[in-house]
Amino acid sequence: MRAVASDFDIQQENPLSDLPPLQIDHVVIGVKDQLDNASARYRELGFSLLERGHHTLGTSNHLAIFGDDYLELLGYEPALASAQAGKPMWQYPQGLIGLVFKPANVHDLAHQLKARGVPVDDPLSFSRPVTLPDGRVAD
């Protein structure tokens with residue numbers, strides 16, 4: 001059976017239409033334990049990636065920055081995997097695993113989306129410590 005547009009009520013109201021417009025912060029590509037291979041492939045495709053970073057949740061990443069937003073290759077290093085908090089990275093699929101937005105209040109947005117039946121993860125608080133050129137470490 002093939003579904004066509006006329007099979008659906010296109011007049012149905014969008015349950016998210018009353019929310020303020022959402023701005024994407026970044027896109028997350030899950031690469032599991034293949035950070036080296038994924039970063040090499042993305043560099044071959046022409047992406048400029050930052051050095052590998054490590055989150056306080058136990059995950060590791062490479063970022064391709066595009067002005068005000070970015071693409072994140074997110075995975076784990078097997079030697080560091082035991083430090084992961086929450087759902088371990090190896091339980092996520094490879095490929096697109098997240099769209100992260102820049103809401104004014106992340107907790108309010110999560111509540112509003114869940115109330116409308118949108119599957120969203122609870123907001124997390126973590127950091128990606130970075131060593132600055134002067135030797136200081138910042139989150």
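The following paragraphs describe a predicted model, moving from its helix to its strands and then to its nonpolar core.

Helix 1, which spans residues 35-44, offers a convenient starting point. Its buried residues are Leu 35, Ala 38, Ser 39 and Tyr 42. Viewed along the axis of helix 1, these buried residues lie within an arc of 95°, and therefore they line one face of the helix. The face turned away from that buried side carries exposed residues, namely Asp 36, Asn 37, Arg 41 and Glu 44. Strand 1, strand 3 and strand 4 are among the parts of the structure that cover the buried residues of helix 1. Just after the helix, Gly 46 adopts a positive phi of about 105°.

The strands can be followed next, beginning with strand 2. Strand 2 comprises residues 53-54 and is joined to strand 3 by two bridges, the two strands running antiparallel. Within this pairing, His 54 has Ser 60 of strand 3 as its bridge partner. Five residues separate the strands in the hairpin that strand 2 and strand 3 make, and Gly 58 takes a positive phi near 100° there.

Strand 3 also pairs with strand 4, again in the antiparallel sense, through seven bridges. In this pairing, Asn 61 stands opposite Leu 74 of strand 4. The hairpin formed by strand 3 and strand 4 has two residues between the strands, and Gly 67 in its turn shows a positive phi of about 75°. Strand 3, covering residues 60-66, is mostly covered, with five of its seven residues buried.

Which residues make up the largest nonpolar core? There are nine of them: Ile 29, Val 31, Leu 35, Ala 38, Tyr 42, Leu 49, Ala 64, Leu 71 and Leu 73. Strand 1 (24-32), helix 1 (35-44) and strand 4 (69-75) are the elements that each supply two or more residues to this core. Helix 1 contributes the most, with three residues. Such a grouping can be set beside a broader tendency: in soluble globular proteins, nonpolar side chains tend to be buried together.

Ala 38 illustrates how the helix meets its surroundings. This residue is buried in helix 1 and belongs to the largest nonpolar core. When neighbours within four places in sequence are set aside, Ala 38 is in contact with Val 31 and Leu 73. Both Val 31 and Leu 73 are themselves listed in that core.

Definitions and conventions
Residues numbered from 1 in each chain as written. Predicted model: local features only at pLDDT ≥ 70, side-chain atom pairs only at ≥ 80, totals over all residues. Heavy atoms only, no water. Core = buried A, V, L, I, M, F, W, Y, C linked by side-chain atoms within 4.5 Å. Buried < 20%, exposed > 50% of the residue type's maximum accessible area, 1.4 Å probe, protein only. Helix = DSSP H or I, 4+ residues; strand = E, 2+ residues; numbered from the N terminus. Contact = heavy atoms within 4.5 Å. Pairing = 2+ DSSP bridges. Arc of directions from axis to C-beta.
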